[in-house]
Amino acid sequence: DKRVISIVNNSIPSKYWNDKGHSRQQMLMMLADTYTSSEYIGLVDTDCKFITYVDYEDLFINGKPVVQGIIGPPQNLYWYAIPISTYWLFQGFEEPMRCMSYFPVIIKASHLKDMRD
């Protein structure tokens with residue numbers, strides 16, 4: 001079973017991201033499915049550093065992505081305040097778990113297109 005991992009960088013005119021690197025990063029992540037034909041995409045922040053080998057079995061179980069997160073009281077008030085300030089956007093549901101400490105975030109490529117549509 002051969003698995004191919006590719007890293008893609010693309011230039012988007014700054015008028016679309018207001019010369020802010022974070023905005024550019026977020027925009028490119030929402031377009032990740034346009035750069036691959038893979039069923040799943042792994043996304044990481046630009047400051048993410050892998051310090052050990054990442055094996056397929058660490059990311060998938062029975063062909064389905066593994067979701068890792070923290071459930072329970074907030075460990076950091078700043079990262080607690082961010083989702084609380086916007087949870088009303090998602091029909092009033094509070095954040096069920098925090099996944100910011102685990103990368104890569106794996107998403108089904110078709111879901112990105114669905115979100116854009």
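## Working through a predicted fold

Of the 117 residues in the protein, 18% are buried (under 20% relative accessible area; exposed is over 50%, partly exposed in between, with a 1.4 Å probe and protein chains only). This is a predicted model, where local features need pLDDT of at least 70, side-chain atom pairs count only at pLDDT 80 or more, and totals for chains, interfaces and linings use all residues. Residues are numbered from 1 along each chain as its sequence is written, and side-chain values use heavy atoms, leaving out hydrogens and water.

**Exercise 1. Lay out the elements of the protein and its overall totals.**

Step 1: go by DSSP runs, numbered from the N terminus, with at least four residues (H or I) for a helix and at least two (E) for a strand. That gives 4 helices and 4 strands.

Step 2: read them off from the N terminus, and you get α-β-α-β-β-α-β-α.

Step 3: turn to contacts (heavy atoms within 4.5 Å). Take those with a separation of 6 or more: 65% of them join residues 24 or more positions apart.

Step 4: get the surface with the Shrake-Rupley method and a 1.4 Å probe, where for residues only the protein chains shown count as cover. The accessible surface comes to about 9,700 Å², and carbon and sulfur atoms own 57% of that.

**Exercise 2. Find the aromatic pairs and classify their geometry.**

Step 1: a pair of aromatic rings is described by the distance of the centres and the angle of the planes. Rings of Phe, Tyr and Trp (its six-membered ring) pair if their centres lie within 6.5 Å; planes under 30 degrees apart are stacked, over 60 edge-to-face, and the rest tilted.

Step 2: count them up, and there are 2 aromatic pairs. Tyr 40 and Phe 60 have ring centres 5.4 Å apart and planes at 65°, so this pair is edge-to-face. It ties together distant parts of the chain, with Tyr 40 in strand S1 (residues 40-43) and Phe 60 in strand S2 (residues 60-61), 20 residues apart.

Step 3: Phe 60 also pairs with Tyr 56, this time stacked, at 4.8 Å centre to centre and 15° between the planes. Put together, ring pairs link Tyr 40, Tyr 56 and Phe 60 into a cluster.

Step 4: check the burial. Tyr 40 is buried at 18% relative accessible area, and Phe 60 is buried at 12%, whereas Tyr 56 is partly exposed at 29%.

**Exercise 3. Describe the surroundings of Asp 33.**

Step 1: place Asp 33 in the loop between helix H1 (21-30) and S1. Its relative accessible area is 14%, so Asp 33 is buried.

Step 2: leave out residues up to four places away in sequence, and Asp 33 touches Ile 41, Ala 109, Leu 112, Lys 113 and Arg 116.

**Exercise 4. Do the same for Ile 12.**

Step 1: Ile 12 sits in the segment before H1 and is buried, at 13% relative accessibility.

Step 2: again skipping residues up to four places away in sequence, Ile 12 touches Trp 17, Arg 24, Met 27, Leu 28 and Leu 31.

Step 3: pick Met 27 and look at the backbone. Met 27 is 15 residues from Ile 12 along the chain, and their C-alpha atoms are separated by 9.0 Å.
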